[in-house]
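Student: I would like to learn how to read the features of a model residue by residue. Where do we start?

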Amino acid sequence: MVFSLLAVFLSSASADSRAFITNQLDNSVSVIDTKSQQVIETIKVEGKPAGVALNQPKKQVYISTPEGGGFAVLDGEKLTTLTKVKVGGASLGITADRKGEQVFVADWYENSVTVFDTKNFAKIKTITVGKSPSGMTVSPDNRWLYVANRIDDSISQVDLNKLTIRNTTKVGAHPFGIAVDSQGKRLYSANVESDNVTVLDARSMKRLATIKVGARPYAVSLALNDSLLFVTNQDDSTVSVVDTATLKQIEVIAVGDKPEGISTHPDDQKVYVANWFDNNVSVIDAKTLKVVNTIKTGEGSRAFGEFIAR
């Protein structure tokens with residue numbers, strides 16, 4: 001019975017899921033139907049779109065536009081643009097809370113994160129963080145927001161009840177993409193300049209390990225019940241696979257040229273990788289550790305953030 005219910009859930013997730021790929025040089029977002037593995041729509045988004053965030057409860061998708069000084073709000077079902085929100089500066093990293101009530105936008109030049117209410121997109125607060133904030137994620141219990149401060153080589157932990165910083169911890173050189181596991185126990189950061197991944201205790205922010213990966217790691221994603229960590233290595237055109245039990249790299253998978261954004265499908269098995277120079281997306285099977293498909297998207301595919309909607 002358990003197997004049958006699981007099979008139904010995974011089948012449903014596969015049928016309904018869409019991947020939103022920002023194409024920075026095309027000023028567009030490619031929408032991939034993950035069941036047919038085809039691009040079903042291309043949405044125009046001006047301002048060099050880069051970051052992606054999902055609001056699962058409201059079926060909305062947020063696209064940061066570094067040269068547009070804000071973000072676009074997309075209807076994740078109708079695949080239309082609902083509105084554009086001005087932030088100021090250069091918006092890059094973007095994420096939403098687990099309840100779908102707030103969206104957080106990192107400003108690369110202003111060293112801040114601005115919090116917006118998703119009901120009307122009114123600004124709630126601006127939080128000063130470290131230099132050049134980039135990747136962000138929210139803990140599964142909606143308690144903490146984590147912010148990678150690239151130039152400061154650190155990660156800030158923001159208390160979402162108070163909207164204040166609780167802790168800031170040094171990691172490797174120039175952290176960029178980050179991910180927290182499904183239990184909220186571990187946080188992983190891809191460190192671009194030190195070619196490694198830092199593992200933190202997600203609550204205490206204590207450093208647990210440093211794992212060597214490929215050249216210029218950009219972003220990270222977990223799969224197979226958090227047992228494997230996948231890391232895009234920009235300058236190697238590869239993805240490193242890390243066993244999270246041993247904290248060792250166990251495989252290196254060749255993908256497209258200049259892989260950047262990476263996200264795991266709700267089935268917890270397929271891992272999607274946006275390849276900046278090849279203008280496409282590689283699909284990796286986490287069980288076989290093989291590339292099983294390559295999907296043509298737009299020019300300059302980045303997809304920085306969690307980009308596959310249920």
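Tutor: Start with contact, which means heavy atoms within 4.5 Å. The model here is predicted. Ala173 is a suitable case: leaving aside neighbours within four places in sequence, Ala173 is in contact with Asp153, Asn191, Val192, Glu193 and Ser194.

Student: Where is Ala173 found?

Tutor: Ala173 is found in the loop between strand 15 (164-170) and strand 16 (175-180).

Student: How far apart in space are Ala173 and Ile151?

Tutor: From C-alpha to C-alpha the distance is 8.0 Å, with the two positions 22 residues apart in sequence numbering.

Student: Does burial have a cut-off, and which class does Ala173 fall into?

Tutor: Buried means under 20% relative accessible area, exposed means over 50%, and partly exposed is in between. Ala173 has 23% relative accessibility and therefore counts as partly exposed.

Student: What does a buried strand residue look like in these terms?

Tutor: Take Phe20, which is in strand 1 (residues 18-23). Its relative accessible area is 0%, so Phe20 is buried. Setting aside neighbours within four places in sequence, the contacts of Phe20 include Val29, Val31, Val52, Leu54 and Val61. Leu79, Ala303, Phe307 and Ala309 are also among them.

Student: How far apart are Phe20 and Ile63 in space?

Tutor: Their C-alpha atoms are 9.2 Å apart, and the two residues are 43 apart in sequence.

Student: Leu79 appeared in that list. What should I read from its backbone?

Tutor: Begin with the general idea: most residues other than glycine have a negative phi. Leu79 has a positive phi of about 60 degrees although it is not a glycine. Leu79 is in the loop between strand 6 (70-75) and strand 7 (80-86). With a relative accessible area of 10%, Leu79 is buried.

Student: Which other residue can I read in this way?

Tutor: Asp268 has a positive phi of about 70 degrees and is not a glycine. Asp268 lies in the loop between strand 24 (259-264) and strand 25 (270-275). Asp268 has 28% relative accessibility, so it counts as partly exposed.

Student: How do I read a polar contact?

Tutor: Look for a pair of N or O atoms within 3.5 Å, where one must be able to donate a hydrogen and the other to accept it. In this model, a polar contact of 3.0 Å joins the side chains of Ser237 and Asp257. A polar atom of the Ser237 side chain also lies 3.5 Å from the backbone nitrogen of Lys258.

Student: Where is Ser237 placed, and is it buried or exposed?

Tutor: Ser237 is in the loop between strand 21 (228-233) and strand 22 (238-243). Its relative accessible area is 17%, so Ser237 is buried. Beyond four places in sequence, Ser237 touches Ile253, Ala254, Val255, Gly256, Asp257, Lys258 and Pro259.

Student: Which backbone nitrogen lies 2.8 Å from a polar atom of the side chain of Ser64?

Tutor: That of Gly51. Ser64 lies in strand 5 (residues 60-65). Ser64 counts as buried because its relative accessibility is 0%. Residues touched by Ser64, outside four places in sequence, include Lys48, Pro49, Gly70, Phe71 and Ser91.

Student: How does Asp201 read by the same steps?

Tutor: Asp201 lies in strand 18 (residues 196-201). At 26% relative accessibility, Asp201 counts as partly exposed. A polar atom of its side chain lies 2.9 Å from the backbone nitrogen of Arg203. Apart from neighbours within four places in sequence, Asp201 is in contact with Lys185, Lys206 and Leu208. The C-alpha atoms of Asp201 and Ala148 are separated by 15 Å, and these residues are 53 apart along the chain.

Student: How do I read the chain as a whole?

Tutor: Secondary structure comes to one helix and 29 strands. Of the 310 residues, 60% count as buried. A compact globule with 310 residues would have a radius of gyration near 19 Å, and the chain has 18 Å, which agrees. Among contacts between residues at least 6 apart in sequence, 41% join residues at least 24 apart.

Student: How many positive and negative side chains does the protein chain have?

Tutor: There are 35 positive and 34 negative side chains, and the centres of the two sets lie 5 Å apart.

How values were computed: Residues are numbered from 1 along each chain as its sequence is written. This is a predicted model: local features need pLDDT of at least 70, side-chain atom pairs count only at pLDDT 80 or more; totals for chains, interfaces and linings use all residues. Side-chain values use heavy atoms; hydrogens and water are left out. Helices (H or I, at least four residues) and strands (E, at least two) are DSSP runs, numbered from the N terminus. Buried means under 20% relative accessible area, exposed over 50%, partly exposed in between (1.4 Å probe, protein chains only). The radius of gyration is taken over C-alpha atoms; the globule rule is 2.2 Å times the number of residues to the power 0.38. Lys and Arg count as positive and Asp and Glu as negative; His and the chain ends are not counted. The place of a charge is taken as NZ of Lys, CZ of Arg, CG of Asp or CD of Glu.
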